[in-house]
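Trainee: Hi! Could you walk me through this one while I have it open?
Mentor: Happy to, just ask as you go.

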Number of protein chains: 2
Amino acid sequence: MTTQGNAANSAAGSGADPAPPQAPAPERDTAELEDRWLRAMAELENVRKRHDRELHRERTAERGRVASAWLPVLDNLELALGHASDDAFAEGVRATLDQAVEALARLGYPRHDATGVPFDPAVHEVVTVQDDPDAPANTVVRVLRPGYGDLRPAAVAVSRRRE
Amino acid sequence: MTTQGNAANSAAGSGADPAPPQAPAPERDTAELEDRWLRAMAELENVRKRHDRELHRERTAERGRVASAWLPVLDNLELALGHASDDAFAEGVRATLDQAVEALARLGYPRHDATGVPFDPAVHEVVTVQDDPDAPANTVVRVLRPGYGDLRPAAVAVSRRRE
């Protein structure tokens, strides 16, 4: 009852709160509003930055997801080519496989299938270690399954480290 | 000259203006700050909504971009299969092609290669119109190149519309 005269001053307050015994000084309101405004502007800036990062991350994730669906297709084409005779058909399939490998490379997933290179944990997964008197230690001596960029590492056999 | 007394009313005026004869009342400041805060909050809401839409659009665009790189590979595999004999190799390649077509369908790009269906401008592109006494008018009678979802329409021959 005694506070009724002050009710108009609580700009953002709910009607149910008991009104403060004294009306807030207008400078208080101003400082609080300026603070809210500044925080909203800062949040806006944060949201925009987060947005850019998220957009980049989602684009990369989607690219990887779709590109990954190629891998079993490429693996099977290579398997099939293992049984091929040397005719025009096999040549056509081989050219198409090369085209697919190039397409993946252009998307940012280059093929890793080289032997004779030093083992690199970033692109190789060791499936087996074997003695190879002709190869330097810790070298890729056989590729069991090629790798593609960061979609999957190449499965390789590596020469044994000498004691 | 006669309007100078009103300068204090231009709330958003530049600092270069001659100082208003009177300091703005604190209630003016409060109203302006509240307005700025509300606008910042509304902008924040807009930015978030725009963000969600943009994220969805970018994901879809990236998926289409990566999936499109498959199409020449699939086309060339089919071309090569046209020259194939009926051996285990051809069978393997055919199975791999089916696998690739399925992968595209799972990504949201189903293959369109049916004949005998009514022409549908959403999935077909008419390359030629031909007389076909056995087919109803405006029917796909031949598929020259299959289509995949909204990546590309099927290139088709359509039976002539009867007069």
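Mentor: Let's begin with a strand pair: S2(A) and S5(A) run parallel and are joined by six bridges. Keep in mind throughout that this is a predicted model.

Trainee: Okay, which residue stands opposite Ser159(A) of S5(A)?
Mentor: That's Gln130(A).

Trainee: And how do S3(A) and S5(A) run, parallel or antiparallel?
Mentor: Antiparallel, with four bridges between S3(A) and S5(A), the latter covering residues 154–159 of chain A. You can check two of the facing pairs on screen: Arg142(A) is across from Ala157(A), and Val143(A) is across from Val156(A).

Trainee: In what order do the strands sit in that sheet?
Mentor: The order is S2-S5-S3 in chain A, an open sheet of three strands with mixed pairing. S2 (124–130) and S3 (140–145) of chain A are the edge strands; each has a single partner strand, so one side of each has no neighbour in the sheet. From one strand to the next, the twist averages 30°.

Trainee: What about S5(A), how many of its residues are buried?
Mentor: Six of its six residues, so to speak a full house. Split by face, Ala154(A), Val156(A) and Val158(A) are buried on one side, while Ala155(A), Ala157(A) and Ser159(A) are buried on the other.

Trainee: Let me switch to helices. How far apart are the end C-alpha atoms of H3 in chain A?
Mentor: They are 27 Å apart. The helix has 19 residues, 88–106, and at 1.5 Å a residue it should span 27 Å, which agrees.

Trainee: Which residues of H3(A) are buried?
Mentor: The buried ones are Phe89(A), Ala90(A), Val93(A), Thr96(A), Leu97(A), Ala100(A), Val101(A), Ala103(A) and Leu104(A). Those residues cover an arc of only 155° around the axis, which puts them on the same side of H3(A).

Trainee: Why does spacing like that put residues on one side?
Mentor: An α-helix has 3.6 residues a turn, so residues three or four places apart point the same way.

Trainee: And what is exposed on the other side of H3(A)?
Mentor: Ala88(A), Glu91(A) and Arg106(A) are exposed there.

Trainee: I'm looking just past the end of that helix now. Which residue there has a positive phi?
Mentor: Gly108(A), just after H3(A), with a phi of about 105°.

Trainee: Zooming out, how many helices and strands does chain A have?
Mentor: Three helices and five strands. Reading from the N terminus, the elements go α-α-α-β-β-β-β-β.

Trainee: What share of chain A is buried?
Mentor: Buried residues account for 32% of its 163 residues. As for surface, chain A exposes about 10,000 Å², and carbon and sulfur atoms supply 51% of that.

Trainee: And the contacts, what share of them join residues at least 24 apart?
Mentor: For chain A it is 54%, taken among contacts between residues at least 6 apart in sequence.

Trainee: Over to chain B. What's the strand order in its sheet?
Mentor: S2-S5-S3, again written for an open sheet of three strands with mixed pairing. At the edges are S2 (124–130) and S3 (140–145) of chain B, each with a single partner strand, so one side of each is left without a neighbour in the sheet. Neighbouring strands there are turned by 30° against each other on average, direction ignored.

Trainee: How many bridges link S2(B) and S5 of chain B?
Mentor: Six, in the parallel sense, with S5 spanning residues 154–159. One facing pair to look at is Val129(B) opposite Val158(B) in S5(B).

Trainee: Does chain B have a helix worth a look too? Which residues of H2(B) are buried?
Mentor: Leu71(B), Val73(B), Leu74(B), Asp75(B), Leu77(B), Ala80(B) and Leu81(B). For its length, the 12 residues of H2 (71–82) in chain B should span 16 Å at 1.5 Å a residue, and the end C-alpha atoms are 17 Å apart, which agrees.

Trainee: Last one: where is His112(B)?
Mentor: In strand S1 of chain B, residues 111–112. His112(B) is partly exposed, with a relative accessible area of 24%.

Trainee: What does His112(B) touch away from its sequence neighbours?
Mentor: Beyond four places in sequence, His112(B) contacts Val123(B), Pro146(B), Gly147(B), Gly149(B) and Ala154(B). Take Gly147(B): it is 35 residues from His112(B) in sequence, and 4.9 Å away in space, C-alpha to C-alpha.

Terms used:
Residues numbered from 1 in each chain as written. Chains lettered and ligands numbered in written order. Predicted model: local features only at pLDDT ≥ 70, side-chain atom pairs only at ≥ 80, totals over all residues. Heavy atoms only, no water. Expected span 1.5 Å × (residues − 1). Buried < 20%, exposed > 50% of the residue type's maximum accessible area, 1.4 Å probe, protein only. Arc of directions from axis to C-beta. Pairing = 2+ DSSP bridges. Axes fitted to C-alpha atoms, helices over the stretch in contact; angles between N-to-C directions. Contact = heavy atoms within 4.5 Å. Areas by Shrake-Rupley, 256 points an atom, 1.4 Å probe, with all protein chains shown as cover.
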